[in-house]
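Subject: Structure for you to look over

Hi,

Here is the structure I promised, with the sequence alongside. Please open it before you read on. My notes follow below.

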Amino acid sequence: MIVLISSQLAAQAGGSVFSFLSLPASARLNALGGSNVSLSEGEVASAMCNPALLSDSTGKQVELCYGYYGSSQHFGSALYGHNWGANYFAGGIQYLNYGKFVYADEYGTLDGATFTAQDILINLTYARQLNEMFTVGVSLKPVISAYEIYTSFALGADVGGHFVLPEKGLEVGLTLQNIGWQLKGFYTDENGDSDLEMLPLNLQLGISYKLPHAPIRFSLTTHNWQRWNLSYQVANIGTKRSDQKVQYYTTTNVPWYDMLFRHTIWAVDIVPKSNKFWITLSYNHRRRQELNLVDTGANVEQKSLAGFAIGAGLNIKGVHLGVAASQYTRSNYTFQFSLSLDVNQFIK
């Protein structure tokens, strides 16, 4: 069962350890396709994508997020921001809980006992505004995973920059996420040694542009530029001999234009000047391709909303509510909710 959990996550994020790091930290980020490194909207959770997105507006902000991942699986985060002049700080925790699992022996016999599995990320972020247009930031990220009796610990970091031209409605973000590696692996040999893996490195570049005379904004986030090939393997069961079943893998053959498109996330926002609400629709092509449902009998693709995400939010006197829906697994939809409080509005 532990191997199954690890395999499912690896398939979702390209075969790396700690793949849960790609989960969105808020409903806003979920609605934007799972990641956005260019939009500085005063949401403290945006620092989980790009530490340079902290700003004057994220000071004394508390944000709580909860996501339903399907079955008994759920994830969430809690973050807080604080500022000292042009120095911006934030700290928080993000978790993914896979629920309870029943022990079984090699014959599939269940004994009734259960165990749990979860991943935890601690995020500590610092950003500094260099001038009216440039902000830079860095995050330190201890990561812990505990699957039954197996545990792993890693230490990672993010670095990022943000450039804005307010009068042009243009924002650009650049970040390198998950610089780091495991300090303790899941499995150890008889000598106490284990294979230590790198975290899922992700180089992202994004741009956002708001139309000058309409409440519409477009965002393009490009990701994983440190690795061009984002193809994946499909597990199959075949017969080696008449009495023996074996598992083998086939690698998808992806044309270059499809591969290029898999490095992109597209989003469009409706954001009125009053900033009282937002509505967002996005498309993540890599997620669409990897979660396509195929009827193996007819060998045809089944209808699915994989790759698409939609969300909406409401801002009322320092209280920000957000909700988003997307698809991160083949069998379930992910619903995520966020509540953000601007403490400054309540201590005047």
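The largest nonpolar core has 32 residues in this predicted model. Those with the most contacts inside it are Phe18, Phe20, Leu21, Leu23, Leu54 and Val143. Four strands give two or more residues each: β2 (73-84), β3 (87-104), β4 (110-129) and β5 (134-147). The largest share comes from β3, with 5 residues.

Take Phe20 as a way in. Leaving aside residues up to four places away in sequence, phenylalanine 20 touches Gln94, Leu96, Asp119, Ile120, Leu121 and Val143.

Another core lies apart from the largest one. This one has 5 residues, including Ala31, Val271, Trp278 and Ala324. Trp278 also has a charge over its ring: arginine 28 lies over the face of tryptophan 278, at 4.4 Å from the ring centre. There is a second case of this kind. The charged end of arginine 287 sits over the ring of tyrosine 328, 4.0 Å from its centre.

Next, the strands around β13 (residues 277-284). On one side of the pairing list is β12 (residues 264-270), which pairs with β13 in the antiparallel sense over 6 bridges. Isoleucine 265 stands opposite asparagine 284 of β13. The hairpin of β12 and β13 has 6 residues between the strands, and there asparagine 275 takes a positive phi near 60°. β13 is also joined to β16 by 7 bridges, again antiparallel. Here serine 282 has alanine 309 in β16 as its bridge partner.

Now the aromatics. The count comes to 12 aromatic pairs. Phenylalanine 261 and tyrosine 283 form a tilted pair, 6.1 Å centre to centre with 45° between the planes. The two residues are 22 apart: phenylalanine 261 is in helix α3 (residues 256-262) and tyrosine 283 is in strand β13. Which of these two is buried, and which is partly exposed? Phenylalanine 261 counts as partly exposed because its relative accessibility is 32%. Tyrosine 283 is at 17%, so it counts as buried.

Tyrosine 283 has a further ring partner. With phenylalanine 308 it forms another tilted pair, 4.9 Å centre to centre and 50° between the planes. This pair also links distant parts of the chain: tyrosine 283 in β13 and phenylalanine 308 in β16 (residues 308-316), 25 residues apart. Phenylalanine 308 has a relative accessible area of 37%, so it is partly exposed.

Elsewhere, Phe18, Tyr98, Tyr147 and Phe186 form one aromatic cluster. Phe18 is listed above too, among the residues with the most contacts inside the largest core.

Last, look at β18 (residues 334-342). Which of its side chains are buried? Thr334, Gln336, Ser338, Ser340 and Asp342 point to one face and are buried. Phe335, Phe337, Leu339 and Leu341 point to the other and are not. In a regular strand the side chains alternate between the two faces of the sheet. β18 is joined to β17 (residues 319-326) by 8 bridges, and the two run antiparallel. One of the bridge partners is Ser340 of β18, which goes with histidine 320. Ser340 is thus on the buried face.

Best wishes

Methods
Residues numbered from 1 in each chain as written. Predicted model: local features only at pLDDT ≥ 70, side-chain atom pairs only at ≥ 80, totals over all residues. Heavy atoms only, no water. Core = buried A, V, L, I, M, F, W, Y, C linked by side-chain atoms within 4.5 Å. Buried < 20%, exposed > 50% of the residue type's maximum accessible area, 1.4 Å probe, protein only. Contact = heavy atoms within 4.5 Å. Pairing = 2+ DSSP bridges. Phe/Tyr/Trp six-rings, centres within 6.5 Å; stacked < 30°, edge-to-face > 60°. Lys NZ or Arg CZ within 6 Å of the ring centre and 35° of its normal.
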